[in-house]
Amino acid sequence: MSTELFNNGHHVCISFSDLVDDSGSEAVQSNQFLIVTDGHGALIDPGGNMTYNALMMGMGKYFHFKDLEYIFASHQDPDIVASINKWMIGTDCKVIAPGIWERFLPHFCSVGKTEGRIIGIPDEGMNIMLGNTPIKALPAHFLHSEGNFQFYDVTSKILFSGDLGASLVPHEEAAKPVTDFKKHLPTMEGFHKRYMNGNKACRFWANMVRDLDIEAIVPQHGKPYIGKKMVNEFIDWIENLECGLDLFTQDNYRVPK
Ligand SMILES: [Fe+2]
Ligand SMILES: [Fe+2]
């Protein structure tokens, strides 16, 4: 199923939330995103091998996959970009990914297929033009990957937040926006405490995004946060969360008996 997150007639943002079959609980549910603006198309975090065919078919309603210009990858994980070899072979797209992972991504690909096609985002982030539309790659380092970016679409005011804000819910639930933040917490708290690296990064991130006009935060797993009230509830929560190294002690580093 695809969901239109935004559509003003020229610029469309689509979410795909049920392309991973998580019913056997072997693979985590994940969302893939397509932005099409005046005939220019980009995928955000297109996923691994199990989403490639379904995504290629699903995006056909909005955009012919062969014309794909960019893949934006928030970080290097398999559920983010393990499919890039197929996209590299099937299209002429370029991959825009964190600079510190630029030389690691070719390991997903056939030899020679990535030559001149992976663009590394510098640690400070960058503005990317998709047609005439700017997309900002925002630094979100250590949330969770060491080199990690989120993609802020200036036109729709949607922040595609990668693993930050992720919740672990069945795929049938993933497209439905969060309506009650407190009730939503149990689906995300454990994930953030273990996968995010520490409160210092959370605070820096919260300070940065408070300067942005954000209408929705849409993570790569689980439910989106739509509207300023929900966006701000999320920012306030993550700003104060102790996670990762904040919670680790010597007990987590013991030789197994
Ligand atoms: Fe990840
Ligand atoms: Fe993920």
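What arrangement do the 4 donor atoms around the iron ion (ligand 2) make? I started my notebook there. The model is a predicted one.

**Entry 1: iron ion, ligand 2**

I looked up the angles. The 4 donor atoms around the iron ion (ligand 2) subtend 81 to 172°, so the arrangement is irregular. A tetrahedral label would need all angles between 85 and 135 degrees. I then listed the protein donors: Asp 79 (OD), Asp 163 (OD), Gln 220 (OE1) and His 221 (NE2). They lie 2.1 to 2.3 Å from the iron ion (ligand 2). Along the chain I read their spacing as D-x83-D-x56-Q-H.

I placed two of these donors in the fold. Asp 79 sits in helix H2 (residues 78–81), and Asp 163 in the loop between strand S11 (158–160) and helix H4 (181–184). The pair therefore ties together parts that are 84 residues apart in sequence. I checked burial as well. Asp 79 and Asp 163 are both buried.

**Entry 2: iron ion, ligand 1**

I moved to the other metal. The iron ion (ligand 1) has His 75 (NE2), Asp 77 (OD), His 144 (NE2) and Asp 163 (OD) as protein donors. Their distances from the iron ion (ligand 1) are 2.1 to 2.2 Å. The angles among the 4 donor atoms run from 85 to 175°, and this site is irregular. I noted the sequence spacing as H-x1-D-x66-H-x18-D.

Which residue coordinates both iron ions? I found Asp 163 in that role, with the iron ion (ligand 1) and the iron ion (ligand 2) 3.6 Å apart. The pair of Asp 77 and Asp 163 links distant parts of the chain, 86 residues apart. I located Asp 77 in the loop between strand S5 (70–72) and H2, and Asp 163 in the loop between S11 and H4. Asp 77 is buried, as is Asp 163.

**Entry 3: backbone**

I went through the backbone next. Most residues other than glycine have a negative phi, and most peptide bonds are trans. I noted three departures.

The peptide bond from Leu 143 to His 144 is cis, with omega near 5°. I found His 144 in the loop between strand S9 (133–139) and strand S10 (149–153). His 144 is also one of the donors of the iron ion (ligand 1).

Asp 45 has a positive phi, near 45°, and is not a glycine. I placed Asp 45 in the loop between S4 and H1. Is Asp 45 buried or exposed? Its relative accessibility is 2%, so I count Asp 45 as buried.

Lys 157 is not a glycine either, yet its phi is positive, about 65°. I found Lys 157 in the loop between S10 and S11. Its relative accessible area is 29%, so Lys 157 is partly exposed.

**Entry 4: helix H1**

I turned to helix H1 (residues 49–58). Thr 51, Tyr 52, Leu 55 and Met 56 are buried there. They cover an arc of only 130° around the axis, which puts them on the same side of H1. On the other side of H1 I found Met 50 and Met 57 exposed.

What do the buried residues of H1 pack against? I listed strand S2 (11–16), strand S3 (32–37), strand S4 (40–44) and helix H3 (84–90).

**Entry 5: aromatic rings**

I counted 12 aromatic pairs. I looked at two of them.

Tyr 52 and Trp 87 make an edge-to-face pair, 4.6 Å centre to centre with 70° between the planes. Tyr 52 is in helix H1 and Trp 87 in helix H3, so I logged a link between distant parts of the chain, 35 residues apart. Tyr 52 is buried at 8% relative accessible area. Trp 87 is buried at 0% relative accessibility.

The rings of Phe 72 and Phe 151 have centres 5.2 Å apart and planes at 25°, so I entered the pair as stacked. Phe 72 lies in strand S5 and Phe 151 in strand S10, so the pair ties together parts that are 79 residues apart in sequence. Phe 72 counts as buried at 0% relative accessibility. Phe 151 is buried too, with a relative accessible area of 1%.

Which residues form one aromatic cluster? My last entry lists Phe 181, Trp 205, Tyr 225, Phe 234 and Trp 237.

Methods. Residues numbered from 1 in each chain as written. Chains lettered and ligands numbered in written order. Predicted model: local features only at pLDDT ≥ 70, side-chain atom pairs only at ≥ 80, totals over all residues. Heavy atoms only, no water. Donors = N, O, S within 2.8 Å, 3.2 Å for Na, K, Ca; no water. Tetrahedral: all angles 85-135°; square planar, octahedral: opposite > 155°, others 65-115°. Helix = DSSP H or I, 4+ residues; strand = E, 2+ residues; numbered from the N terminus. Buried < 20%, exposed > 50% of the residue type's maximum accessible area, 1.4 Å probe, protein only. Arc of directions from axis to C-beta. Contact = heavy atoms within 4.5 Å. Phe/Tyr/Trp six-rings, centres within 6.5 Å; stacked < 30°, edge-to-face > 60°.
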